[in-house]
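Colleague: I am new to reading protein models, and I would love a patient walk through one part of this one. Could we start with the whole chain and then zoom in?

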Amino acid sequence: MRGAVLHAPGDVRFEERDDPKILQPTDAIIRISATCVCGSDLWDYRGINPVNQATPMGHEYVGVVEEIGDDVTTIKPGQFVIGSFFASDNTCPICQAGYQSRCVHSEYVGAGGAQAELLRVPLADGTLVATPDTPSVDLIPSLLAASDVLGTGWYGAVAAEAGPGKTVAVVGDGAVGLLAVLAAKQLGAEQIIAMSRHEPRQKLAREFGATDIVTERGDEGVARIKDLTDGLGAHSVIEAVGTQESMMQAIRSTRPGGHVGYVGVSHGVQLPGEELFFSATHLHGGPAPVRRFLPEMIDLIWQRRIDPGKVFDLTLPLDQAAEGYAAMDERRAIKTLLQP
Ligand SMILES: [Zn+2]
């Protein structure tokens, strides 16, 4: 098979790779129907995470089950399935509590590289969710979004306790931030403030349910959030970037007693203890347990009540993965969908 491999910062190649094989009796092999480039892939692409060896890329996927191991009982060949970037057994105490991304048996699915024609998915019964039927082609982008960015935005909104009567602010206008807006809307938030200075992203945020746009950042951005919330700060703030600036912007935009849901992968964030102490905010986040939300998200997509696939503003054949990375790196695209 062929797949995308990162050889060095900025150097993505589409090349021949070994076909994945069933390694454990709980594995499945799926044939990828669509995959995409994640904002977190850009940390590697830009060399912010060191690239020490040729690395198969991609951890977002939807596809058709091609082969299953002997112990797989609920997932069947021919089913159209969606899974998260972490495999989980969905039975251990951590999974039962809804934190499947930290399952005691969790395994990173992206290690196999989902930007490819085939992918090995460990713990198939616990990890994969089948759609009711083979989806129509126009639903595939939204189902793919559920694999990571929608699930991550959703978790951010849940962790921030977005809900009826709440004012929600979203720091970050990448795909996760935009879909956190959609999730906050679904959860019934009253006011949703998207922080973005890019016009096409502001427009999409409004389509997803944002009631206000704040273009300022840092202290000025915090001041604008206070202006919009009677000087108090938002009840719920979703942090979807992962930098020191964005995390502090999120904490400072939250009212005392409010909640920060942080889902941007943390890079060099150091929290000042005394400021955190006096902020009196709740912080909850981490790698999103996407698996917790998959059945509900798939149902909403299947009924065409949400259209998270709108975040894909560039679709390319998988063999042009390198251009998909470059377009996102240069912010010419919000998110690139890749078709084998
Ligand atoms: Zn588990």
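Colleague: How many helices and strands does the protein chain have? After that, please take a close look at strand E14: is E14 enclosed or open to the outside, and in which sense does E14 pair with E15?

Modeller: Happy to! One thing to keep in mind from the start is that this is a predicted model. The protein chain contains twelve helices and 18 strands.

Let's get the overall outline before zooming in. Along its principal axes, the C-alpha trace spans about 60 × 40 × 40 Å. The radius of gyration is 19 Å, which agrees with the value near 20 Å for a compact globule of 340 residues. Of those 340 residues, 53% are buried. Looking at contacts between residues at least 6 apart in sequence, 69% join residues at least 24 apart.

The chain is divided into two domains. Domain 1 covers 2-148 + 289-339, and domain 2 covers 153-285. Their centres, taken over C-alpha atoms, are separated by 26 Å. Where the domains touch, 14 residues come from domain 1 and 14 residues from domain 2. On the domain 1 side of that contact, there are ten nonpolar, two polar and two charged residues.

Now for your strand. E14 runs over residues 234-239. Six of the six residues of E14 are buried, so this strand is largely enclosed by the rest of the structure. To see its place, picture an open sheet of six strands in the order E13-E12-E11-E14-E15-E16, with parallel pairing. In that order, E14 stands between E11 and E15. The edges are taken by strand E13 (212-214) and E16; each has a single partner strand, so one side of each is left without a neighbour in the sheet. On average, neighbouring strands of this sheet are turned by 20° against each other, if direction is ignored.

If the word "parallel" is new to you, here is the background. Strands of a sheet pair through backbone hydrogen bonds, and the pairing can be parallel or antiparallel.

Let's follow the pairing on both sides of E14. Strand E11 (residues 167-171) is joined to E14 by four bridges, and the two run parallel. You can find one such pair in the viewer: alanine 169 has valine 237 in E14 as its bridge partner. With E15, the pairing of E14 is again in the parallel sense, over five bridges. Here, try looking for alanine 234, which stands opposite threonine 254 in E15. One step further along, four bridges join E15 to E16, and these strands also run parallel. Histidine 259 meets another histidine there, as its bridge partner in E16 is histidine 282.

What lies over the sheet around E14? Helix H9 (residues 244-252) lies across E11, E14 and E15, and it runs at about 145° to E15.

Helix H5 (residues 149-159) is another neighbour worth finding. H5 is mostly covered, with eleven of its eleven residues buried. Among these buried residues are Trp154, Tyr155 and Val158. The buried residues of H5 pack against several elements, including strand E14, strand E15 (254-262) and strand E16 (282-285). Helices take part as well: helix H4 (140-147), helix H6 (175-186) and helix H11 (290-302) pack against those H5 residues. Just after H5 comes glutamate 161, which takes a positive phi of about 60°.

For contrast, have a quick look at another sheet. Three strands form an open sheet in the order E2-E1-E4, and here the pairing is antiparallel. The edge strands are strand E2 (11-16) and strand E4 (55-56), each pairing on one side only. Strand E1 (residues 2-8) is joined to E4 by two bridges, and leucine 6 has threonine 55 in E4 as its bridge partner. Helix H12 lies across E1 and E2, running at about 160° to E2.

So, back to your request: E14 is largely enclosed, because six of its six residues are buried, and E14 pairs with E15 in the parallel sense.

Definitions and conventions
Residues are numbered from 1 along each chain as its sequence is written. This is a predicted model: local features need pLDDT of at least 70, side-chain atom pairs count only at pLDDT 80 or more; totals for chains, interfaces and linings use all residues. Domain bounds come from an automatic or database domain assignment. Two residues are in contact if their C-beta atoms, placed from the backbone, lie within 7 Å. Ala, Val, Leu, Ile, Met, Phe, Trp, Tyr, Cys and Pro count as nonpolar, Asp, Glu, Lys and Arg as charged, and the others, Gly among them, as polar. Two strands pair if DSSP finds at least two bridges between them. Axes are lines fitted to C-alpha atoms, for helices over the stretch in contact, and angles run from 0 to 180 degrees between N-to-C directions. The radius of gyration is taken over C-alpha atoms; the globule rule is 2.2 Å times the number of residues to the power 0.38. A residue is buried if 20 or more other C-beta atoms lie within 10 Å of its own, exposed if 12 or fewer, and partly exposed in between; C-beta atoms are placed from the backbone.
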